[in-house]
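Thank you all for making time this morning. I would like to take you through a two-chain model, and I will try to say what each term means as we come to it.

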Number of protein chains: 2
Amino acid sequence: MGKDIICRPIGIIHSEHRNPGKTPIQPVFADGCTGRAEIFHNYEKGLQDIEGFSHILILYYFHKATTQKLLVKPFLENVEHGVFATCAPGRPNHIGVSVLRLVKREDNMLFLDNIDILDGTPILDIKPHVSRFNKRESVRSGWQEKIDDQTAYKLGRRM
Amino acid sequence: MGKDIICRPIGIIHSEHRNPGKTPIQPVFADGCTGRAEIFHNYEKGLQDIEGFSHILILYYFHKATTQKLLVKPFLENVEHGVFATCAPGRPNHIGVSVLRLVKREDNMLFLDNIDILDGTPILDIKPHVSRFNKRESVRSGWQEKIDDQTAYKLGRRM
């Protein structure tokens, strides 16, 4: 079954989102939600040249997720799906991924937009979002395709 | 600095890539490289409806990466960058992310294309790749922009 793997936070998220039930569910639904990724000083050197990228991938730990369910009803549909066919936080390993806009960097602090992450969330990794690596053709989006963009925005923004 | 976080593999990658030095560095450089993600039986129920998605995000543990450097020379350029401005495996927490094409599912087995992951790699998570969530505008790709597409393909494919 594989051995346990130990991860250590490299930083912490500072955002306006303090209520999980009111936090946007995806960056695309979080325009104008600004915040910061504070990278601990001993990892700061690893940020060199990150400011050249307009978007970054943040991997983080859903520290407020207490459940681990294999079938979940996602935010956008009142139907059960396998947790791996959703982005629900209550998943094995509780790891989240968001592509956020990097507004600027000041030393160990990354200023972000589109933030859909709870205040106080531990950060596990930062990677550049590279347009050439992210082109995908003929994308089918499964159960997500049943939900129109307007409904998705309304539910996803949690307004 | 934050508490340690313990992750447990949910599955394992089976691929043709057994030599780290010959493994494509990104899925976009790995067309035709097929393989499988075997999800352990106790997590199989979480795959329900994943087959509706043409592409999935796989999070995995770089089990062959032994280093943790904050400055690295990436595959595509002979210049040092901060590790968080690259996708180099020798990073804190050693977590990798790939968006792969899901060809089909058979029970707990996901058949994949564009695989850029070493055989035997432990899987940490699977998420759907949803086109609506992945649109980004005005993307700047930092140091990556200095490398033309043909050179990137040649170096990235490692032919």
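I will begin with conventions and confidence, then turn to a single chain, and finish with the contact between the chains.

What you see is a predicted model, in which local features need pLDDT of at least 70 and side-chain atom pairs count only at pLDDT 80 or more, whereas totals for chains, interfaces and linings use all residues. Residues are numbered from 1 along each chain as its sequence is written, while chains are lettered from A and ligands numbered from 1 in the order in which they are written.

On confidence, the model scores ipTM 0.93 and pTM 0.93. The mean pLDDT of chain A is 91, with 98% of its residues at 70 or more, where pLDDT is the predictor's confidence in each residue, from 0 to 100. Among the elements of chain A, strand β3 (residues 35-39) has the highest mean pLDDT, 98, and helix α1 (residues 149-157) the lowest, 83.

Turning to the fold, chain A comes to one helix and nine strands, and from the N terminus on these elements run β-β-β-β-β-β-β-β-β-α. Helices (H or I, at least four residues) and strands (E, at least two) are DSSP runs, numbered from the N terminus. For 159 residues, a compact globule would have a radius of gyration near 15 Å, and chain A, at 16 Å, agrees with that; the radius is taken over C-alpha atoms, and the globule rule is 2.2 Å times the number of residues to the power 0.38. Along its principal axes, the C-alpha trace of chain A spans about 45 × 40 × 35 Å.

Six strands of chain A form a closed barrel in the order β2-β3-β8-β7-β4-β9, with antiparallel pairing, and neighbouring strands of this sheet are turned by 45° against each other on average, direction ignored. Two strands pair if DSSP finds at least two bridges between them, and the angles, which run from 0 to 180 degrees between N-to-C directions, are taken between axes that are lines fitted to C-alpha atoms, for helices over the stretch in contact. Within the barrel of chain A, β4 (residues 55-61) and β7 (residues 95-106) pair in the antiparallel sense over seven bridges, and A:Tyr60 stands opposite A:Gly96 in β7(A).

How, then, are the two copies related? A turn of 180° and a shift of 0.0 Å along the axis lay chain B on chain A with an RMSD of 0.0 Å, so the copies are related as by a two-fold rotation axis. The superposition is by least squares on the C-alpha atoms of residues with pLDDT of at least 70 in both. The same surface serves both copies, in that 100% of the contact residues of chain B recur in chain A. Of the residues of chain B, B:Ile6 comes closest to the rotation axis, at 2.3 Å (C-alpha).

That brings me to the interface, where the contact takes 64 residues from chain B and 64 residues from chain A, two residues being in contact if their C-beta atoms, placed from the backbone, lie within 7 Å. On the side of chain B that touches chain A, β9(B) gives the most, with six residues. By class, this side has 35 nonpolar, 17 polar and twelve charged residues; Ala, Val, Leu, Ile, Met, Phe, Trp, Tyr, Cys and Pro count as nonpolar, Asp, Glu, Lys and Arg as charged, and the others, Gly among them, as polar. Finally, strand β1 (residues 5-7) of chain A is joined to β1(B) by three bridges, the two strands running antiparallel, and the bridge partner of A:Ile5 in β1(B) is B:Cys7.
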